[in-house]
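User: I am new to this structure and would be grateful for a short guided reading. Please take the questions one at a time.

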Amino acid sequence: MTTTLYGITNCDTVKRARAWLDEQGIPYRFHDFKKEGVPETELDQWLRAPGWEALVNRRGTTWRRLDDATRDSVVDAASARAVLLSNPSLIKRPVVNWGPRGGVTTGFDAAQWKSHTV
């Protein structure tokens, strides 16, 4: 299994992450949430690790645009799953499955990513 980067094409953080992977010579497959949807099997795995709290982007405009009742309803993995499936832009990007390097990460942190490329 190769590294898979999940995100949205026009997201600046995803763009930086893809550029970093290219600079490091790390082959990866890009999965665009807008074009390909959120893969439910993978989402279920991500909800366990790195965990639903790491997946829900509470700083973005999509979160702020949700009504109070929806925001207040996100209290565990099951409630986060429902909201993330209906609002893919709420997923903290990028999500990277490092394949044989192991683990799944959210967000872009070059220092953290280095440990997955050794």
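Analyst: The model is a predicted one. A suitable place to begin is the packing of two helices: the axes of α3 and α6 come within 10 Å and cross at roughly 115°.

User: What is the handedness of the crossing of α3 and α6?

Analyst: Two packed helices are described by the angle between their axes and the distance between the axes. For α3 and α6 the angle is roughly 115°. The handedness of this crossing is right-handed.

User: Which residues of α6 meet α3, and how many residues of the contact are charged?

Analyst: From α3, the contact takes in Glu40, Leu43, Asp44, Leu47, Trp52 and Leu55. Their partners in α6 are Ala77, Ala80, Arg81, Leu84 and Leu85. The residues of this contact divide into 8 nonpolar and no polar, and the charged ones number 3.

User: Which peptide bond that involves Pro50 is cis?

Analyst: Pro50 is placed in helix α3, which spans residues 40-55. Omega is near 20° for the cis bond, which runs from Ala49 to Pro50.

User: Where is Pro94 placed?

Analyst: Pro94 is joined to Arg93 by a cis peptide bond, with omega about -10°. The place of Pro94 is the loop between α6 (77-86) and β3 (95-97).

User: What is the volume of the largest pocket?

Analyst: The lining of the largest pocket includes Cys11, Glu53, Arg93 and Phe108. The lining residues divide into 4 nonpolar, 3 polar and 5 charged. The volume of the largest pocket is about 190 Å³.

Key. Residues are numbered from 1 along each chain as its sequence is written. This is a predicted model: local features need pLDDT of at least 70, side-chain atom pairs count only at pLDDT 80 or more; totals for chains, interfaces and linings use all residues. Side-chain values use heavy atoms; hydrogens and water are left out. On a 1 Å grid over the protein atoms alone, a cavity is a set of points where a 1.4 Å probe fits but cannot get out, and a pocket is an open set with protein on both sides within 12 Å along at least five of seven lines; lining residues have an atom within 4 Å of a point. Grid points are joined across faces, edges and corners, and a volume is the space filled by probe spheres set on the points. Ala, Val, Leu, Ile, Met, Phe, Trp, Tyr, Cys and Pro count as nonpolar, Asp, Glu, Lys and Arg as charged, and the others, Gly among them, as polar. Helices (H or I, at least four residues) and strands (E, at least two) are DSSP runs, numbered from the N terminus. Axes are lines fitted to C-alpha atoms, for helices over the stretch in contact, and angles run from 0 to 180 degrees between N-to-C directions. A crossing is left-handed if the near helix is turned anticlockwise from the far one by less than a right angle, and right-handed if clockwise. Contact means heavy atoms within 4.5 Å.
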